[in-house]
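New to this one? Take a look at the sequence and the model first, and then we'll walk through a few spots together.

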Amino acid sequence: MVDFIKTQGNFARGEIAPEFFAHDDIAGLSKLENMDVLSGGGLTRRAGLINVADLSNVARIIPFSVGENENYVLAIGNQQITVFDNDGTRVQSLVAPWSYADVDKLQYAQRFGTIVFVHPDYQPRIISQKQNGFELNLFEFSSNSNMTVNIPFMKFDDANSISITVTSNSNGNNFATFTTNADFWSANNVGERLLLMNLQWVITSYVDARTVVAYTNSTYTLPASPITDWFEAAFGATRGWPCSITFHQDRLVFGGSRSYPSGIWMSHVGKHNDFSAGTGLDDEAIFVTLVSGRRQQICTVVSSDNLQILTSVGEWAISNKPLTPSSIDIKQHTSVGSVASRYLPPQKIEGQTVFVSENMRDIRELSLDDLGENYNANDLCALSKHLMKTPVDIAYNQLSRKLFVVMADGTMAVLNHNAALGISGWGKYTTSGLFKSVAVVDNVTYVVVQRGNNIALEKFDDDALDDVGNDFDFCACGLPMCASGHNVSRLRVRRVTARVLNTKSMYINDKRITLPNDVYAPGAAGYSGDVSISQLGTTRTCIDAPWKIHGHDALPATVLSVSMYGNYGI
């Protein structure tokens with residue numbers, strides 16, 4: 001047996017997966033639950049939760065900042081949006097078109113005091129603050145004096161072989177009957193627009209699968225032969241609506257749709273309702289199709305240093321500054337892929353775009369190389385993939401430097417990240433219930449929590465020592481011991497010493513530490529110094545953690561380092 005003293009004063013990698021337990025050069029832990037990694041590499045018990053408001057049903061929450069000191073939380077549930085202010089006061093409830101099942105694919109982009117929502121099955125909506133409160137209205141494409149609408153038109157693949165025979169109609173001179181050479185129309189086409197003979201037409205009635213009646217606000221001459229050069233509105237009930245959205249270089253950008261998953265539509269500069277093709281002037285609308293050897297669904301679009309396009313199979317970027325119809329430099333940089341089944345909003349962390357990969361096991365950081373030419377997609381959870389259990393929501397708190405990822409099982413993986421100090425440590429948050437959604441508003445982290453049959457909007461508060469009156473367990477466990485590059489087969493730990501800071505309650509290996517009585521006086525700071533537990537026995541199960549720091553009391557606990565004293569055999 002060989003005597004040893006081993007001290008770990010840096011836990012920067014947080015909880016790492018068991019396959020890395022044989023690496024003694026990783027500043028990590030075998031378990032980290034309800035504790036955070038500090039900027040200096042130590043550990044502290046996480047903040048508690050306080051109630052903000054009770055909810056009638058499970059909801060997804062998103063931030064809504066109207067002004068510098070006017071911030072709201074939007075709780076989007078089943079056909080309803082509830083607006084809460086910072087204090088948890090219910091400001092207003094709005095009727096919404098989406099069921100709760102639809103909310104998974106609901107995407108949004110904010111500009112000033114409005115948010116535009118998109119969903120592939122619904123016409124986009126806008127929520128904005130008016131004099132008498134908030135309103136949720138349809139997003140409408142701008143119209144012209146001749147009643148044409150500035151919606152983009154395009155040729156869909158399944159319409160390439162379709163020709164239209166135009167004949168007069170008894171409804172009047174501005175009406176016509178459109179007959180196709182094959183079954184093409186459905187009742188959903190009523191109200192949608194077509195572009196042919198240099199005119200916009202609105203379908204007014206459905207006759208059968210080959211025949212519809214349409215109206216135009218101009219005179220026309222009957223063509224002598226069937227028309228093959230015609231176009232449909234890019235968006236509508238038949239073709240679907242935009243899947244993703246952002247604002248970039250003062251353009252509104254739509255990415256993908258149900259019928260055209262690889263298309264990107266950009267509005268006129270400063271005219272976010274105008275997607276008309278124009279004549280190719282620099283400030284006019286832009287349409288781009290991603291061209292590759294694989295079918296790609298655009299999952300989301302992100303405005304960063306470039307316009308980033310995250311698809312189901314890779315990451316693209318348009319780097320032009322400024323973007324113009326005649327100047328589009330687009331290329332695929334990486335081949336990771338993003339989640340298409342639900343919207344997990346990419347987060348900006350220290351200038352980089354962080355997103356959930358298509359396999360739902362990676363959290364990737366999209367960053368430019370040193371030359372500023374190519375993107376890399378670094379894996380932020382390469383050591384901690386065991387914590388990724390089907391992410392369902394994600395948010396980043398810039399003030400606390402924490403990335404929160406809600407999992408389908410109701411737990412939350414939390415990344416404490418500070419690149420300048422070398423901190424990138426994952427841990428797990430649990431509570432006496434299930435985390436359902438997360439959002440950060442004005443540097444405050446809000447969560448939706450289901451506790452039994454009760455559902456509530458709650459927020460983390462540094463002054464809270466429990467979760468809405470419920471104590472929670474915290475725990476940090478050391479990695480299996482390695483010595484001189486070898487795995488230890490027999491270990492005897494004589495003493496474990498933890499250097500603590502402002503601590504009032506803690507256990508080491510299931511034994512409560514003894515602290516001076518005066519730390520429990522009202523208003524007294526916790527104990528700072530070394531605390532020890534001795535005579536912990538011998539073990540041959542050396543794959544298990546040699547030490548465990550834990551507790552459940554609603555009292556502060558911070559660990560700066562842990563030292564072990566004892567002997568081992570190889």
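Before we start with the sheets, here's the rule for pairing: two strands count as paired if DSSP finds at least two bridges between them. Keep in mind, too, that this is a predicted model.

**Two open sheets**

Start with the sheet that runs in the order S10-S11-S12-S13, four strands with antiparallel pairing. Its edges are strand S10 (107-111) and strand S13 (133-138), each of which pairs on one side only. On average, neighbouring strands here are turned by 20° against each other, direction ignored. Zoom in on S12 (residues 122-130) and you'll find six bridges joining this strand to S13, the two running antiparallel. One spot to look at is Ser128, which stands opposite Glu135 in S13.

Now for another open sheet of four strands, this one in the order S5-S39-S38-S37, again with antiparallel pairing. Strand S5 (48-55) and strand S37 (434-441) sit at the edges, each pairing on one side only. The twist in this sheet averages 30° from one strand to the next. Inside, strand S38 (residues 444-451) and strand S39 (residues 454-461) run antiparallel and are joined by six bridges. Arg451 has Asn454 in S39 as its bridge partner.

**A buried asparagine in a loop**

Next, head to the loop between strand S15 (164-168) and strand S16 (175-180), where Asn169 lies. Is Asn169 buried or exposed? Its relative accessibility is 17%, so Asn169 counts as buried. The side chain of Asn169 has a polar atom 2.8 Å from the backbone nitrogen of Asn171. There's also a polar contact of 2.9 Å between the side chains of Asn169 and Thr177. Leave aside the neighbours within four places in sequence, and Asn169 is in contact with Phe175, Ala176, Thr177 and Val213.

**Cysteines without a bond**

How many disulfides does a search of the whole structure find? Zero. Here are two of the cysteines, each with its closest cysteine sulfur:

| Cysteine | Closest cysteine sulfur | Distance |
|---|---|---|
| Cys243 | Cys299 | 9.0 Å |
| Cys477 | Cys475 | 3.5 Å |

Why is there no bond for Cys243? Because the sulfur of Cys299, the closest one, is too far away at 9.0 Å. As for Cys477, this residue is in no disulfide either; a disulfide needs the two sulfur atoms within 2.5 Å. Cys243 counts as buried, at 9% relative accessibility, and Cys477 is buried with a relative accessible area of 9%.

Key: Residues are numbered from 1 along each chain as its sequence is written. This is a predicted model: local features need pLDDT of at least 70, side-chain atom pairs count only at pLDDT 80 or more; totals for chains, interfaces and linings use all residues. Side-chain values use heavy atoms; hydrogens and water are left out. Axes are lines fitted to C-alpha atoms, for helices over the stretch in contact, and angles run from 0 to 180 degrees between N-to-C directions. Buried means under 20% relative accessible area, exposed over 50%, partly exposed in between (1.4 Å probe, protein chains only). A polar contact is a pair of N or O atoms within 3.5 Å; within protein, one must be able to donate a hydrogen and the other to accept it, and residues adjacent in sequence count only if both atoms are side-chain atoms. Contact means heavy atoms within 4.5 Å.
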